[in-house]
Amino acid sequence: MYQKPKGTRDILPKDIAKWQFIEKIIRDTVREFNIKEIRTPIFEDSSLFLRSVGETSDIVTKEMYIFDDRGGRQLALRPEGTAGVVRACVENGLFSNALPLKVWYMGNNFRYENPQAGRYREFTQFGIEYFGTSDPSADCETILVFKSVLDKLRITNYSLQINNIGCPECRKEYNQALRLFANQHENELCEDCKRRSKVNPLRMLDCKKASCQEILKRAPRLEDYLCDSCKSHFNRVISLLKSNGINFDINTQLVRGLDYYTKTVFEFVADIDGKSMAFGGGGRYDNLVGEIGNANIPACGFGMGLDRLVYLVDDALLAKNDLIYIANLGAVGMDKVLPLAQVLRSAGLSVETNISGRTFKSQMKYADKIGARFIVIIGDDEISNGVFTVRNLNTGQECTVDGLNLVKYLKLTDEELKNIIKYADF
Ligand code: HAM
């Protein structure tokens, strides 16, 4: 028997309601912020990621799915969304339109990671990217978008960690200090960190090995090397977050696993299946567009991992099943049932009928099994009198409803129905 590839998942019909609910909240939120959707290819030239995410990052060195196509091009399944979006905006000349340009995307990404709860080789990210503004209020607005999604999903159990990683100018001196530190501790650092110390010392701070983390606690601190402009940008971001009532913790260890960031970086962290994990992260990247497309366009954004977010959404928030089952009684055939189903469907209701030729009794059992809210019974009497017997499977109550009022009745909430049922006839 075939099995799904390691690190991938099937999202089954029983779980899909939660995903669709999250996706709807995301679509509502981006509309409120006037952010426009962009869709880019699921694979790109692999060198795009080398250039942007960084040749020393774990994503590029260990986790990319790289392959040659039949034409000999080296391609990579996208490990993240930002690089492809930047490439698409440059290639399609979007930066010559009014700025800032605010775009969002939702789609699958691929990283060859060790699978565990919340960590997969194929995962879904929702992300936004703001281009053409270096103002701290843009950093703050992106965080507001993230928080707005969480508020609507009633997620409160998380922390926002934020840091300032400066610009290439102030990092120059810092990198030298880090390199010196790495030389002094060469024998204690892992092979990866030794390599990182030569090419991109900042990456060492992101090492997952406990022994390296312990040594690097004593390393020079980036905050002592920041230039005035980076400091004042960050202070303004902080004060805007405060005035917007957003709680955060400054985490000076936070550097993020991708190379393109400048100044602000942040992560939203929560308990995912018993383990503290980032379920979203982002920040400012003022030089990436320049590196990919020769245009001086500052930018910021984030990626939110939906596979982790689903762990945080309470099932109770999901809409109740509003399915209607039409049961045919006696000799009434499908030639009567199907048109009635169509009338109800065209009024926006979700309807199942007896397309398996079940007996009346087994239809009742089936309707219960599939979680129908109402059973509408259609028999000879119903047809001659123009009324229907409607059973509410949530409350067990039964009522006869005039055909003209049927749609209206089926759309009432259980709360509203309580009063109506007292009068037997609707
Ligand atoms: P990232 O921190 O690499 O940032 O990924 C963002 C989110 O994607 C993570 O916080 C996590 O929720 C989810 N994620 C990453 N890897 C996995 C995985 N293997 N399994 C499940 N979920 C995962 C970025 O990708 C940047 N492009 C974000 C960004 C956009 N920065 C600026 N703009």
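Is C230 buried or exposed? It is buried: C230 has a relative accessible area of 0%. Keep in mind as we go that this is a predicted model.

Let's stay with the cysteines for a moment. A disulfide is a covalent bond between the sulfur atoms of two cysteines. If you go hunting for one here, you'll come back with nothing, since the structure holds zero disulfides. C230 is in none, and the nearest cysteine sulfur, that of C227, is 3.6 Å away. C170 tells a similar story: the closest cysteine sulfur is in C167, and because it is 3.6 Å from the sulfur of C170, it is too far for a bond. The cut-off for a disulfide is a pair of cysteine sulfur atoms within 2.5 Å, so a 3.6 Å gap between C170 and C167 doesn't make it. C170 also counts as buried, at 6% relative accessibility.

Now for the ligand. Its shell is made of 26 residues, and the closest of them are E80, E113, Y120, E129 and Y261. Three of these put polar side-chain atoms by ligand nitrogen. For E80, a polar side-chain atom sits 2.6 Å from a nitrogen atom of the ligand. For E129, the distance from a polar side-chain atom to a ligand nitrogen atom is 2.7 Å. With Y261, a side-chain N or O atom is 2.6 Å from a nitrogen atom of the ligand. As for how much of the ligand is covered, on its own it has 660 Å² of accessible area, and the protein covers 96% of that.

Which elements give two or more residues to that shell? They are β6 (122–131), β10 (275–284) and β11 (299–305). The largest share comes from β10, with five residues. By residue type, the shell splits into ten nonpolar, nine polar and seven charged.

From here, hop over to H233, which you'll find in helix α9, residues 228–243. H233 counts as buried, with 6% relative accessibility. Its side chain makes a polar contact of 3.4 Å with the side chain of R284. Setting aside neighbours within four places in sequence, H233 is in contact with S134, D135, P136, D139, K263, T264 and R284.

Another buried polar side chain to look up is N328, in strand β12, which runs over residues 323–328. Its relative accessible area is 11%, so N328 is buried, the cut-off being under 20%. What does the side chain of N328 make polar contacts with? One partner is the side chain of N354, at 3.0 Å. Another is the side chain of Q363, at 2.9 Å. Both turn up again among the contacts that N328 has beyond its neighbours within four places in sequence: G333, M334, V337, N354, F360, Q363 and I378.

Last stop: T29, in helix α1 (residues 16–32). T29 is buried, with a relative accessible area of 0%. Leaving out neighbours within four places in sequence, T29 is in contact with V145, S148, V149 and K152. For a sense of distance, pick the C-alpha atoms of T29 and Q176: these residues are 147 apart along the chain, and the two atoms are separated by 43 Å.

Technical notes:
Residues are numbered from 1 along each chain as its sequence is written. This is a predicted model: local features need pLDDT of at least 70, side-chain atom pairs count only at pLDDT 80 or more; totals for chains, interfaces and linings use all residues. Side-chain values use heavy atoms; hydrogens and water are left out. A residue is near a molecule or strand if one of its heavy atoms lies within 4 Å of it. A polar contact is a pair of N or O atoms within 3.5 Å; within protein, one must be able to donate a hydrogen and the other to accept it, and residues adjacent in sequence count only if both atoms are side-chain atoms. Accessible areas come from the Shrake-Rupley method with a 1.4 Å probe; for residues, only the protein chains shown count as cover. Helices (H or I, at least four residues) and strands (E, at least two) are DSSP runs, numbered from the N terminus. Ala, Val, Leu, Ile, Met, Phe, Trp, Tyr, Cys and Pro count as nonpolar, Asp, Glu, Lys and Arg as charged, and the others, Gly among them, as polar. Buried means under 20% relative accessible area, exposed over 50%, partly exposed in between (1.4 Å probe, protein chains only). Contact means heavy atoms within 4.5 Å.
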